[in-house]
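Work through the following exercises with the sequence and the coordinates side by side. Each task is followed by a solution that goes step by step.

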Amino acid sequence: MPVRLSILAGIKAPLSVLQLAPAEPFEGENFTMSCRTTASSQCFIFKRGHKQNEYLQIAEAKSNATVTIANVTYSDTGNYSCRCLIDVNGKRVYTAQSDWLEVTVM
């Protein structure tokens with residue numbers, strides 16, 4: 001049976017950007033992460049797990065995603081990233097994943 005492959009040529013996925021406030025949270029404080037992209041989208045924020053290629057989804061939103069982690073502990077230290085689903089020419093595609101953001105709870 002033939003396989004049909006569709007390639008969306010010439011489409012450059014916009015970048016997702018993950019931001020953190022405050023930059024270095026202290027134990028017991030709250031911190032907020034926001035995932036943004038240039039297009040209207042559904043965004044997801046992930047934390048890198050302990051196993052190779054393990055990613056734990058910690059937030060999802062119908063547009064730009066924001067998550068506040070209250071009363072942070074040292075276990076919230078880790079690497080976080082995000083990406084979004086957008087509509088391009090009637091197809092749902094992922095944006096380029098944001099750079100990994102290293103969070104260190106002080």
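The exercises below treat strand pairing, the nonpolar core, backbone geometry and aromatic contacts in turn. The model is a predicted one, in which local features need pLDDT of at least 70 and side-chain atom pairs count only at pLDDT 80 or more, whereas totals for chains, interfaces and linings use all residues. Residues are numbered from 1 along each chain as its sequence is written, and side-chain values use heavy atoms, with hydrogens and water left out.

**Exercise 1. Determine how strand β3 is placed and with which strands β3 pairs.**

Begin with the extent of the strand: β3 covers residues 41-48, where strands (E, at least two residues) are DSSP runs numbered from the N terminus. Next, consider accessibility, for which buried means under 20% relative accessible area, exposed over 50% and partly exposed in between, with a 1.4 Å probe and protein chains only. Seven of the eight residues of β3 are buried, so the strand is largely enclosed by the rest of the structure.

Then turn to the partners, bearing in mind that two strands pair if DSSP finds at least two bridges between them. With strand β6 (residues 78-88), β3 forms an antiparallel pairing over seven bridges, and within this pairing Q42 has L85 as its bridge partner. With strand β4 (residues 55-61), β3 is likewise paired in the antiparallel sense, over six bridges, and here F46 stands opposite Q57.

**Exercise 2. Describe the open sheet that contains β2, and locate F31 within its pairing.**

The sheet has three strands in the order β1-β2-β5, with antiparallel pairing. Its edge strands are β1 and β5, each of which pairs on one side only. Neighbouring strands are turned by 15° against each other on average, direction ignored; the axes are lines fitted to C-alpha atoms, and angles run from 0 to 180 degrees between N-to-C directions. Between β2 and β5 there are five bridges, and across this pairing F31 stands opposite I69 in β5.

**Exercise 3. Which residues of the largest nonpolar core touch the most other members, and which elements contribute two or more residues?**

A nonpolar core is a set of buried Ala, Val, Leu, Ile, Met, Phe, Trp, Tyr and Cys residues joined through side-chain atoms within 4.5 Å. The largest such core has 17 residues, of which L18, F31, M33, C35, I45, I69 and Y80 touch the most other members. Two or more residues come from each of β1 (17-21), β2 (31-36), β3, β5 (65-69) and β6.

As a last step, examine I69, taking contact to mean heavy atoms within 4.5 Å. When neighbours within four places in sequence are left aside, I69 is in contact with E29, N30, F31, M33, I58, D76 and Y80.

**Exercise 4. Find the cis peptide bond and the positive phi values at N71 and N89.**

The cis peptide bond joins A21 and P22, with omega about -10°, and P22 is found in the loop between β1 and β2. N71, which is not a glycine, has a positive phi near 50°; this residue lies in the loop between β5 and β6 and is exposed, with a relative accessible area of 52%. N89, also not a glycine, has a positive phi of about 50°, lies in the loop between β6 and β7 (91-94) and is exposed at a relative accessible area of 68%.

**Exercise 5. Trace the ring interactions that involve F44 and Y94, and then the surroundings of R83.**

Rings of Phe, Tyr and Trp (its six-membered ring) pair if their centres lie within 6.5 Å, with planes under 30 degrees apart counted as stacked, over 60 as edge-to-face and the rest as tilted. The whole structure holds three aromatic pairs. One of them is the tilted pair of F44 and Y94, at 6.5 Å centre to centre with 55° between the planes; this pair links F44 in strand β3 to Y94 in strand β7, 50 residues apart. F44 counts as buried at 9% relative accessibility, whereas Y94 is partly exposed at 38%. Ring pairs link F44, F46 and Y94 into a cluster.

Finally, a charge sits over a ring if NZ of Lys or CZ of Arg is within 6 Å of the ring centre and within 35 degrees of the ring normal. R83 in strand β6 lies over the face of Y94, at 3.7 Å from the ring centre, and R83 is partly exposed, with a relative accessible area of 28%. Not counting residues up to four places away in sequence, R83 touches residues including F44, F46 and Y94.

Conventions
Helix = DSSP H or I, 4+ residues; strand = E, 2+ residues; numbered from the N terminus.
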